[in-house]
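The following exercises concern the contact between two chains, a pocket and the salt bridges. Each task is followed by a worked solution.

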Amino acid sequence: MSLWHEFNKGIVSRNPLLRLVLGMCPALAVTTAAANGVAMGLAATFVLVCSNFVIAVFRKAIPPAVRIPIFIVVIASFVTVIDLVMNAFAHEMHKVLGLFVPLIVVNCIILGRAEAYASRNPVLASILDGLGMGIGFTLALVVLGGIREMLGNGTIFGVSVVTAAYEPAIIMLLPPGAFLALGLLLGAMNKLTGVEGS
Amino acid sequence: MGRLIISLAVACFAAAFGLALVNAVTEAPIAEQRRLEVLRAVEETLPPFDNDPVGEALHMPVIPPGEEVPETVTVYVGERGEEPTGVAFAVKGEGYGGFITVMLGVDLQGVISGIQILEHLETPGLGANIEKSSFTVRFKGKSLENSRLVAGNLAVINDGGDIDALTGATISPRGVAAGVSWGLKIFSEYRGRILEEAREGPSPASTGTEPGTGPDAGQEPIPVRGEDR
């Protein structure tokens, strides 16, 4: 288990969104544009890295009986930090993401990594694990957001990528479009990595 | 048992301390962002002004037409050379996905000088197009006197009024029209009092100063917001 592997695994082989299928709520709700995916992914990555770091540092001091409440306190604190910081310095994006920033608290990727990884691994490996998982989540959100934005609005990151003759498929920006795009993305991911349904 | 309580208490104390620090750092920028947001909307909607409408905002209790309970409306009065040129305030109308909050600017004759959509939950690609200036400009120059009214309100063409709705979305423009009409009625009823209060208003020292230096710069004149947040 090299450190490189700890970082790498979250991006493709154990991508939280496309492999572990965790964090569906923000993935479906905010990915109406690629830029939203970037912001949501980076916010989640920040929380993931910080909470993994803190939990790994104190992993021997945290009594097992109260570990879950302590993890939640740590995660909720970092979520509040990123919520306040975005509100102060990225106000427009904060308005777009709205309720979904506070909801990072209940994103099961973060508690999952705290419980399954950071609470029993050294600090550096835990940071890399959080970083890898966060980047994997961000990439998946950007791809999903990019597909939906392109089909539903004819743009990617706000830049027009289609000819004037293209009639945007508004359904891709609505909730059904999120399921359609995510389903097709999961299918493509399984095909590419050679995983067949069993 | 003691150890469990102590570790939880320590974790919570550390979290509270950290959050208090972050809050102290971000509080002022957040208030500033909110103020700028309101200021931008006011600049978009008011006739030209040279005072600081946001710093000198009035908080007026009004009784909306057909209702008994008074509500407080934050009114931004634009002045040029000490003379009021128009007022702006936030109004709400019910759209397809919830309430639409609109900043409505009118001149002293009750003619709309501009509107801007502040908040909405309309469908992306359809109703959400109400926020585009190509739509909001359709309200400019309208008033309760010069428009085709339906039941005393501005209305979209489909309902017999004269405001062009959006392709594929009638409910959202209808909500905007309802909110704007509500505001126009409030203005015509309270025009005298608003102007009177604006004249005596805040201390003359703050008139004409740069935004943010008025005595009220620290407070947050946030427009009326939807209840669902």
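**Exercise 1.** How many residue pairs are in polar contact between chain B and chain A?

*Solution.* The model is predicted, so local features need pLDDT of at least 70 and side-chain atom pairs count only at pLDDT 80 or more, whereas totals for chains, interfaces and linings use all residues. Residues are numbered from 1 along each chain as written, chains are lettered from A in the order written, and side-chain values use heavy atoms, without hydrogens and water.

Step 1. A polar contact is a pair of N or O atoms within 3.5 Å; within protein, one must be able to donate a hydrogen and the other to accept it, and residues adjacent in sequence count only if both atoms are side-chain atoms. Four residue pairs, both at pLDDT 80 or more, satisfy this between chain B and chain A.

Step 2. Helix α1 of chain B (residues 2-45) gives the most to the side touching chain A, namely 17 residues. Helices are DSSP runs of H or I with at least four residues, numbered from the N terminus.

Step 3. In contact (heavy atoms within 4.5 Å) are 22 residues of chain B and 22 residues of chain A.

**Exercise 2.** Identify the salt bridge that B:Glu37 forms with chain A.

*Solution.* Step 1. The criterion is a side-chain nitrogen of Lys or Arg within 4 Å of a carboxyl oxygen of Asp or Glu.

Step 2. Two salt bridges are counted between chain B and chain A. In one of them, the side chain of B:Glu37 meets that of A:Lys95, at 2.8 Å from N to O.

**Exercise 3.** Which parts of chain A does the salt bridge between A:Asp129 and A:Lys9 tie together?

*Solution.* Step 1. Over all chains, the count is eight salt bridges. In the pair A:Asp129 and A:Lys9, the closest N and O atoms are 2.5 Å apart.

Step 2. A:Asp129 belongs to helix α7 (residues 123-153) and A:Lys9 to the loop between α1 (3-8) and α2 (24-30) of chain A, so the pair ties together parts 120 residues apart in sequence.

Key
Helices (H or I, at least four residues) and strands (E, at least two) are DSSP runs, numbered from the N terminus.
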